[in-house]
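Biologist: Could you give me a close look at the spot where the ligand sits, and then at the empty spaces elsewhere in the protein? I'm new to this, so please take it slowly.

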Amino acid sequence: MFQKVLIANRGEIALRILRACKELGIQTVAVHSTADANAMHVRLADESVCIGPPAAKDSYLNIPSIMAACEITGADAVHPGYGFLSENARFAKILTEHNVTFIGPSAHHIEIMGDKITAKKTAVELGIPVVPGSAGAVESDEEAIKTAREIGYPVLIKATAGGGGRGMKVALTEADVLIAWSTARSEAKAAFGNDSVYMEKYLGKPRHIEVQVMGDGQGNAVHLGVRDCSLQRRHQKVWEEAGGPTIAPEERDRIGEICAAAMRKLSYSGAGTIEFLYENGEFYFIEMNTRLQVEHPVTERITGIDIVYEQIRVASGEKLSMTQEQVQFYGHAIEVRINAEDPQTFAPSPGTITFYHPAGGVGVRVDSAVYQGYKIPPYYDSLIGKLIVYGRTRDECLHRLRRAVDEFVIDGIKTTLPLFQRLIREPDILAGNYDIHWLEKYLAENKV
Ligand code: MV4
């Protein structure tokens, strides 16, 4: 097992990782920008190193600075959390070359999943169902028209280097396809420096369902069930459920086993999330994330498995601590993301928290690194906490969520808590009747 882990992240996830290290008896190193000198992860770590000025590109994304922090402190492993360098294959490679373990999958697995065409080809080879579409990149006008005719309209053109929704264009008919293809290409070129695009059948009303997987790089892998993350705004998840309002246990096990078998074939190591669109009872692969996700606590809650603990274990060379037969699912969990944002306009709302009273009680978990008097800096994303609630049934979970949201108080800044006050009373939400477009439509129709 590692002696000392450097946590290359900030905020709630840095604290989440720090807690797992403490429970494993591992020494911790926090790194921070000058803007985060007072942050909770810095205060609670055994050691801390300032790695640069506020801008993320100069601190949390600054590989030389982080390598220097490893060298100075003698850390033998780095946990990247999510975002920042978590899916940077070059960072994983450099660490490995310096005999520091990257707590995550191999650079090779990060690379193949980072390129969306390669990811999709890999998925096909591994027997994962994908959205019908082009075999690879669509390289010419003629190919765009021919491929779209084969797929059938509407079609969606996506950037190979994209992901998270950037660089997508819909073509409803043949009249749109050439414009969609060329704008997608030039936007992809501008955004990612790579103009390669591919084409898929456009699914109109899917849900976003993702499968949590874990492997140990020794051929063992398990799935930890599914999460429904359909409630999103501008490709940012807002509300996530495990247990899934519409996925029956047999469906979960069917897609879960396909994913676990695929990860065994890849000899995948660490945590991963395989994202699907789910429509008319069918799953269609879209992307794989090769990192810990923000919403991992809902899966932890319904399985009793500590995903960060397992990540650290397998990175240190140990086998997964459980077999698929030992993974069991209990009840339902919902996470809502508390952002420092105006709940109507979603404009960021940094500033000082003048009063802080988190929810508590049975079935409630709060993952946050803020405290009363903490000043939220303006430089990073606006997630300041996650409220995770559990219930034996989805109904019990929803009642508990309503109670916990009512109890939560954060003063001095605006937060998304009032949005959840509203959502928890919406009949469609209570019925689990929503798709990936529900929230955007609701926000457009219910301007306050
Ligand atoms: C799609 C799609 C419809 N059809 N692919 C958006 C982000 C990226 N991960 C994939 N995305 C989509 N891909 C096909 N073939 C609709 C979306 C999409 C979406 C997906 C998940 C969650 C929210 C979304 C919001 C808009 C569009």
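Modeller: Here is a walk through the ligand site, followed by the pockets and cavities and two backbone details. Keep in mind that this is a predicted model.

Let's start with the ligand. It has 18 residues around it, and the closest are K158, E200, K201, L203 and E287. Two of those glutamates do something similar. E200 puts a polar side-chain atom 2.9 Å from a nitrogen atom of the ligand, and for E287 the distance from a polar side-chain atom to a ligand nitrogen is also 2.9 Å. L203 joins in through its backbone: a polar backbone atom there is 3.0 Å from a nitrogen atom of the ligand. How much of the ligand does the protein bury? On its own the ligand would expose 520 Å², and the protein buries 92% of that.

So what is this shell built from? Sorted by class, its residues are 8 nonpolar, 5 polar and 5 charged. Four strands, β6 (155-163), β8 (197-201), β12 (269-279) and β13 (282-289), each bring at least two residues to the shell. Now zoom out to the domains. The ligand lies between domain 2 (132-201) and domain 3 (207-445), because both of them give residues to the shell.

While we're at strand β6, look at the loop between α7 (141-151) and β6, which is where you'll find P154. The peptide bond from Y153 to P154 is cis, with omega near -5 degrees. Another backbone detail turns up at F84, in the loop between β4 (77-79) and α4 (89-97). Phi of F84 is near 35 degrees, which is a positive value in a residue that isn't glycine.

Now for the empty spaces. Rolling a probe the size of a water molecule over the atoms shows where empty space is left. The second largest pocket holds about 240 Å³ of space. It is lined by 13 residues, and Q344, F346, L443, A444 and K447 are the closest to its centre. Helix α15 (residues 438-445) gives the largest share of that lining, with 3 residues. By class, the lining of this pocket splits into 5 nonpolar, 3 polar and 5 charged.

Next come the cavities, where the probe fits but cannot get out. The count is 2 cavities of 30 Å³ or more. The largest cavity has a volume of about 50 Å³. Of the 13 residues lining the largest cavity, I103, G104, T290, R291 and Q311 are the closest to its centre. Its lining has 6 nonpolar, 6 polar and 1 charged residues. Where does the largest cavity lie with respect to the domains? Domain 1 (4-103) and domain 3 (207-445) both give residues to its lining, so the largest cavity lies between them.

Last is the second largest cavity, with about 30 Å³ of space. Its lining is made of I338, Y356, V366, S368, V370, I384, G385, F408 and I410. Strands β17 (364-368) and β19 (383-391) each supply at least two residues of that lining. By class, 7 of the lining residues are nonpolar and 2 are polar, with no charged residues.

If you want to find your way around on screen, begin at E200 and E287, which each have a polar side-chain atom 2.9 Å from a ligand nitrogen. Then look for I103 and G104, which are among the residues closest to the centre of the largest cavity. From there you can move on to L443 and A444, among the residues closest to the centre of the second largest pocket.

Technical notes
Residues numbered from 1 in each chain as written. Predicted model: local features only at pLDDT ≥ 70, side-chain atom pairs only at ≥ 80, totals over all residues. Heavy atoms only, no water. Near = heavy atom within 4 Å. Polar contact = N/O pair within 3.5 Å; in protein donor to acceptor, adjacent residues only side chain to side chain. Areas by Shrake-Rupley, 256 points an atom, 1.4 Å probe, with all protein chains shown as cover. Nonpolar A, V, L, I, M, F, W, Y, C, P; charged D, E, K, R; others polar. Domains from an automatic or database assignment. 1 Å grid on protein atoms, 1.4 Å probe; cavity = no way out; pocket = protein on both sides within 12 Å on 5 of 7 lines; lining within 4 Å. Points joined across faces, edges and corners; volume = space filled by probe spheres on them.
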